[in-house]
Amino acid sequence: MAGTNAALKSVDNTAPKYDGPIFDGDTHIQEKDYSFFEKYLPKQFHKDWMPARKHGPDGTFGLFIGDRRVENADIDPEGKIPPPGKLKEWLRAISTGESVGEAFTPTADMSERNARIAKLDEFGVESCIMFVGEFVASFGVLGMMAEELGPEGANALFHAWNQYLVDEWQLNADDRIYSTPILALWDLDWAVKEAKWLVEQGVRVVVMPMGPSDGKAPADPYFDPLWNILNDAGVVVTFHVSEANFMHPLIKEWGEKPLQSRREGQSAWQWMFCYSEIPVMMTMASFVYWNFFGRFPNIKMASVENGAEWLPRFLYKMDKMRGMARNGWWPMGQLTERPSTIFKRNCFVVAYPEDDIQGIVEQLGGDARCILMGSDYPHAEGVPTPRDFVAEGCNGLTDEQIEQIMYSNGRRLLPKGRTGVIA
């Protein structure tokens, strides 16, 4: 059995059990407040770019970037959040508008490194990848503002966030917490400079907005100066669910508005076609077809909080369309392997606990090697504790498949003991 000698038990028709170590592929900071930006964001950007929880001109409380409201961020004026791990209640609230549960006051582990490490010990989690919290909702707004006002302010804001992670969390906290600084492709010179600095700080994982930039695929050779830096350092690139700016023109063409509230404003059509699955499939397929992993073999890639039920059909279609386009345009030359083979060697997908993971694995011929678990802690739409993912999502899987999803796949993605730099 790969990765661990832990005792594993699963019996037909009963909830599976797993007692081994855990690699959690999706956890979050819950920002205590945004006062740290006053320290890290240069003053010339405060007026237009300072994040804050505040009341807008209409009296509505929310998350703002300067004076621009982040419509898709649902913020409580008292700083409270829904209780962590209320997956079923959260799904019901999305569909009915009901409350997720009694408002919850964030605990120290949600915003402080040492307290989070203690929480990992309590949960039995060996290592985790940690993403931004509610700030992730601002990605779409920041992309629009970068287009309207120029990228300098957005660059400064992302660097301020990254500096906060370095100072308050570390980018690799003892191989327990891998924090995810932000990179974006809209300003290549800035991205190259920022990536070099992040590598010096020991970065292991970055998060990036999905999709193209300035009319170019992300794997276009124009961006190679950035990818060379990340490849030399063996940095993992992740795409966490968020607004995909490149979908906004499409949304408008269909007579709808982008950047709507998840709880109150987003239409079923946008949920289906413009959020999560399709943007990340388009992004990751582009990387594969542009022979990105043949050119940058040290970069691994992961889709986070976009679910996994799309994966089997996606791999089948990538292979089929390779054949259909055999005489078509291949910007970096034809692939020498099946796209599905390339993807499964280099890419990983964090499954939702409500996904039919058994069905996904069966459609993949029993191969669970590119699937990761994610608790989404401390968000409501996750599981109460990371180990609860087994009972929620792993029914019908073999012991080996459960162990791979709960631990060893994550360790293949991020081996322990590296500084972030490959010699």
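**Val 125**

I located Val 125 in strand 7, which covers residues 125-131. The model I consulted is predicted. I looked up the relative accessible area of Val 125 and found 2%, so I recorded the residue as buried. Setting aside neighbours within four places in sequence, I listed Ile 22, Asp 24, Leu 120, Arg 176 and Pro 386 as the contacts of Val 125. I also checked Val 125 against Gly 20: the two are 105 residues apart in sequence, and their C-alpha atoms are 9.3 Å apart in space.

**Thr 27**

I placed Thr 27 in strand 3, residues 22-28. Its relative accessibility is 4%, and I therefore entered Thr 27 as buried. Not counting residues up to four places away in sequence, I found that Thr 27 touches Arg 116, Cys 128, Ile 129, Met 130, Phe 131, Ser 375 and Tyr 377. For Ile 129 I noted a further detail: its backbone oxygen lies 2.8 Å from a polar atom of the Thr 27 side chain. I then took the C-alpha separation of Thr 27 and His 248, which is 27 Å for residues 221 apart along the chain.

**Cysteines**

How many disulfides does the count give? I obtained zero. I examined two cysteines, with a cut-off of 2.5 Å between sulfur atoms. For Cys 347, the closest cysteine sulfur is in Cys 370 at 8.3 Å, so the pair is too far apart for a bond. For Cys 394, the closest cysteine sulfur is also in Cys 370, at 14 Å, and is therefore too far for a bond. I recorded Cys 347 as buried, at 1% relative accessibility, and Cys 394 as buried, with a relative accessible area of 0%.

How values were computed: Residues numbered from 1 in each chain as written. Predicted model: local features only at pLDDT ≥ 70, side-chain atom pairs only at ≥ 80, totals over all residues. Heavy atoms only, no water. Helix = DSSP H or I, 4+ residues; strand = E, 2+ residues; numbered from the N terminus. Buried < 20%, exposed > 50% of the residue type's maximum accessible area, 1.4 Å probe, protein only. Contact = heavy atoms within 4.5 Å. Polar contact = N/O pair within 3.5 Å; in protein donor to acceptor, adjacent residues only side chain to side chain.
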